[in-house]
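I opened this model today and kept a running notebook of what I looked up. Here are my entries, in the order I made them.

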Amino acid sequence: QVQLVESGGGSVQAGGSLRLSCAASGYNYRSYCMAWFRQAPGGEREGVASVNRGDTTREYADSVKGRFTISRDNAKNTLFLQMNSLKPEDTAMYYCARSASSWCFPSIHDSDYNYWGQGTQVTVSS
């Protein structure tokens, strides 16, 4: 079965950096788009970044452009999110997600994804 396991979250001061990882298994990893979403307490889930199957095209939420970078290592079935210049408003649970179809393009719309990890907490203090 499909399994996505996030790691790398933690607490950091504003302006700091974190690198999140997502280990994928149970499917042909390189055949699907992947994405990161986040959800603050009491907030709605929002798309952060996505990447195509070949790690050649990306899409980002306006709020993280220029600060976050999504990438994937298809040889290791791993997805990454490099987060720089972190802000308190980045505080949230971060989730790794897989596209519902292999016919996919980078998207940060949650309706395009049907498998989700358990989440990893990111806390940014001012």
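**Entry 1: strand β8 and its neighbours**

I began with L18 and found that its bridge partner in β8 is M83. Before going further, I noted to myself that this is a predicted model. That L18 bridge belongs to a longer pairing: β3 and β8 run antiparallel and are joined by six bridges.

Next I asked which other strand pairs with β8. The answer was β7, which also runs antiparallel to β8, with six bridges joining them. One spot I checked was I70, which stands opposite L81 in β8. I then followed the hairpin of β7 and β8, where four residues lie between the strands. In that hairpin, N77 takes a positive phi near 55 degrees.

Is β8 mostly buried or exposed? I went through the burial values and got five buried residues out of six, so β8 is largely enclosed by the rest of the structure. The cut-off I needed here is that buried means under 20% relative accessible area.

**Entry 2: what M83 touches**

I stayed with M83 and looked up its contacts, skipping residues up to four places away in sequence. Its list includes G16, S17, L18 and L20. Also on it are R67, F68, Y94 and V122. L18 was no surprise to me, as I already had it down as the bridge partner of M83.

**Entry 3: the nonpolar core**

M83 turned up again when I looked at the largest nonpolar core, which has 30 residues. The members that touch the most others are W36, L79, L81, M83 and Y94. Then I asked which strands feed this core. At least two residues each come from β3, β4, β5 (46–51), β7 (68–73), β8 (78–83), β9 and β11 (120–125). The largest share is that of β3, with four residues.

**Entry 4: strand β9**

Y94 made me curious about β9 (residues 92–99). How many of its residues are buried? I got seven of the eight, so β9 is largely enclosed by the rest of the structure.

I wrote down its pairings one by one:

- β4 pairs with β9 in the antiparallel sense over six bridges, and F37 has Y95 as its bridge partner in β9.
- β11 pairs with β9 in the antiparallel sense over three bridges, and A92 stands opposite V122 in β11.
- β10 pairs with β9 in the antiparallel sense over three bridges, and R98 stands opposite Y115 in β10.

V122 rang a bell: I had already listed V122 among the contacts of M83.

**Entry 5: the disulfides**

How many disulfides are there? I counted two.

C22 is joined to C96, with an S to S distance of 2.1 Å. The torsion about the S-S bond is -75 degrees, and the link is left-handed. This pair links distant parts of the chain, 74 residues apart: C22 is in strand β3 (residues 18–25), while C96 is in β9. Both C22 and C96 are buried.

The sulfur atoms of C33 and C104 are 2.3 Å apart, and the two cysteines form a disulfide. Here the torsion about the S-S bond is about 95 degrees, so this disulfide is right-handed. The pair also links distant parts of the chain, 71 residues apart. I placed C33 in the loop between β3 and β4 (34–39), and C104 in the loop between β9 and β10 (113–116). C33 and C104 are both buried.

Counting bonded cysteines along the chain, I got the pattern 1-3, 2-4.

**Entry 6: rings and charges**

My last stop was the aromatic rings, where I counted five pairs. I looked closely at Y27 and Y32: the ring centres are 5.6 Å apart and the planes are at 80 degrees, so this pair is edge-to-face. Y27 has 13% relative accessibility and counts as buried. Y32, at 18%, counts as buried as well. Ring pairs link Y27, Y29 and Y32 into a cluster.

Y29 has a charge over its ring too: the charged end of R72 sits there, 4.4 Å from the ring centre. I found another case at W116, where the charged end of R45 sits over the ring, 3.9 Å from its centre.

How values were computed. Residues are numbered from 1 along each chain as its sequence is written. This is a predicted model: local features need pLDDT of at least 70, side-chain atom pairs count only at pLDDT 80 or more; totals for chains, interfaces and linings use all residues. Side-chain values use heavy atoms; hydrogens and water are left out. Rings of Phe, Tyr and Trp (its six-membered ring) pair if their centres lie within 6.5 Å; planes under 30 degrees apart count as stacked, over 60 as edge-to-face and the rest as tilted. Buried means under 20% relative accessible area, exposed over 50%, partly exposed in between (1.4 Å probe, protein chains only). A charge sits over a ring if NZ of Lys or CZ of Arg is within 6 Å of the ring centre and within 35 degrees of the ring normal. A disulfide is a pair of cysteine sulfur atoms within 2.5 Å. A nonpolar core is a set of buried Ala, Val, Leu, Ile, Met, Phe, Trp, Tyr and Cys residues joined through side-chain atoms within 4.5 Å. Contact means heavy atoms within 4.5 Å. Two strands pair if DSSP finds at least two bridges between them.
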